[in-house]
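Student: Hey, I've got a structure open and no clue where to begin. Can you walk me through it?
Tutor: Sure, let's take a look together.

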Amino acid sequence: MIRRLLHIFWVLPFYMGFITMQQITVHLGTVQTYEQGVSIAADVTDFDIKQIAAQSNGYVVITFPLPDGTQSERKLSLSIQMAQRIIDTQVIPIRYLESSWQPIVMIPIYELQKSTSIFNAIIALIGFIITFTAAIFASKYIRNSKPEDSDIQIELV
């Protein structure tokens with residue numbers, strides 16, 4: 001029974017691989033939006049930083065005109081480092097590209113956003129390598145161990 005449960009360990013490397021690919025996609029989308037997107041001045045309508053235990057994060061709500069003339073409002077989550085760069089800003093210059101994986105890039109935090117996504121991808125890749133290696137060892141252990149006796153034998157003495 002326990003041997004069979006070790007096969008579930010393979011979920012971890014798949015998850016870490018997914019997170020790695022997601023962070024790479026975010027990075028590529030950020031760069032694509034910055035290079036090909038339309039420059040727009042976005043108005044800040046709400047801004048908040050939350051402190052929960054040892055973690056701090058926040059959000060900003062921006063409104064901006066889309067290239068087709070309609071008005072859009074978006075709520076973007078921010079790390080504390082990103083929030084510090086735009087804390088007293090009423091108008092944030094952004095780049096907007098609707099077809100991108102990351103459609104909005106705030107120009108003042110562009111470099112931080114790029115480096116954060118790369119750092120996250122590297123950490124997730126390290127996690128992938130470690131969990132993949134552990135899953136291989138778990139599979140070898142399962143293959144080399146003797147099968148469990150599921151039959152109970154009772155001997156009369």
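Tutor: One term before we start: a nonpolar patch is built from residues with over 30% relative accessible area and no salt bridge, with nonpolar side chains joined within 5 Å. Also keep in mind that this is a predicted model.

Student: Okay, so which residues make a nonpolar surface patch here?
Tutor: Ile118, Phe119, Ile122, Ile123, Ile126 and Ile130 do, and their patch covers about 570 Å².

Student: Where does Ile122 sit?
Tutor: Ile122 belongs to helix H4, which covers residues 110–144.

Student: And is Ile122 buried, exposed or partly exposed?
Tutor: Ile122 has a relative accessible area of 44%, so it's partly exposed. The cut-offs behind that are under 20% for buried and over 50% for exposed.

Student: Switching topic: how many aromatic pairs are there in the whole structure?
Tutor: A search of the whole structure turns up four. One of them is Trp10 with Phe132, an edge-to-face pair with 5.5 Å centre to centre and 80° between the planes.

Student: Why does that pair tie together parts far along the sequence?
Tutor: Trp10 is in the loop between helix H1 (2–5) and helix H2 (11–36), while Phe132 is in helix H4, so the pair links parts that are 122 residues apart in sequence.

Student: How accessible is Trp10?
Tutor: Trp10 has a relative accessible area of 23%, which makes it partly exposed. Phe132 is partly exposed as well, at 34%.

Student: What about the rings of Tyr34 and Tyr110?
Tutor: Their centres are 3.7 Å apart and their planes are at 10°, so that pair counts as stacked. Tyr34 lies in helix H2 and Tyr110 in helix H4, so this pair ties together parts 76 residues apart in sequence.

Student: Is Tyr110 buried or exposed?
Tutor: Tyr110 is buried, at 6% relative accessibility. Tyr34, on the other hand, is partly exposed at 26%.

Student: Which residues form an aromatic cluster?
Tutor: Trp10, Phe128 and Phe132 form one together.

Student: What sits over the ring of Tyr59?
Tutor: That's the charged end of Lys75, 4.1 Å from the ring centre. Tyr34 has a charged neighbour too: Arg95 lies over its face, 5.0 Å from the ring centre.

Student: Let's do strands. How many bridges join E2 to E3?
Tutor: Nine, and the two strands run antiparallel, with E2 covering residues 55–65 and E3 covering residues 71–79. As one example, Ile62 has Arg74 in E3 as its bridge partner.

Student: What's between E2 and E3?
Tutor: Five residues, and the two strands form a hairpin. Gly69 in the turn has a positive phi of about 100°.

Student: And how does E1 pair with E2?
Tutor: Strand E1 (residues 38–52) pairs with E2 in the antiparallel sense, over nine bridges. Ile49 has Gly58 in E2 as its bridge partner.

Student: How many salt bridges does the structure hold?
Tutor: One. In it, the side chains of Glu111 and Lys114 meet at 3.8 Å, N to O.

Student: Where are Glu111 and Lys114?
Tutor: Both are in helix H4, three residues apart, which is about one turn of the helix. Lys114 is partly exposed, with a relative accessible area of 22%.

Student: Why can side chains of opposite charge pair at all?
Tutor: In general, they can do that when their charged atoms come close.

Student: New one: how far is Pro13 from Ile129?
Tutor: They're 116 residues apart in sequence and 7.5 Å apart in space, C-alpha to C-alpha. Pro13 lies in helix H2, and it's buried, with a relative accessible area of 2%.

Student: Last thing: how far apart are Asn120 and Ser139?
Tutor: Along the chain they're 19 residues apart, and their C-alpha atoms are separated by 28 Å. Asn120 is in helix H4 and is partly exposed, at 32% relative accessible area.

Terms used:
Residues numbered from 1 in each chain as written. Predicted model: local features only at pLDDT ≥ 70, side-chain atom pairs only at ≥ 80, totals over all residues. Heavy atoms only, no water. Patch = residues over 30% accessible without salt bridge, like charges linked within 9 Å, V, L, I, M, F, W, Y side chains within 5 Å. Areas by Shrake-Rupley, 256 points an atom, 1.4 Å probe, with all protein chains shown as cover. Salt bridge = Lys/Arg side-chain N within 4 Å of Asp/Glu carboxyl O. Helix = DSSP H or I, 4+ residues; strand = E, 2+ residues; numbered from the N terminus. Buried < 20%, exposed > 50% of the residue type's maximum accessible area, 1.4 Å probe, protein only. Phe/Tyr/Trp six-rings, centres within 6.5 Å; stacked < 30°, edge-to-face > 60°. Lys NZ or Arg CZ within 6 Å of the ring centre and 35° of its normal. Pairing = 2+ DSSP bridges.
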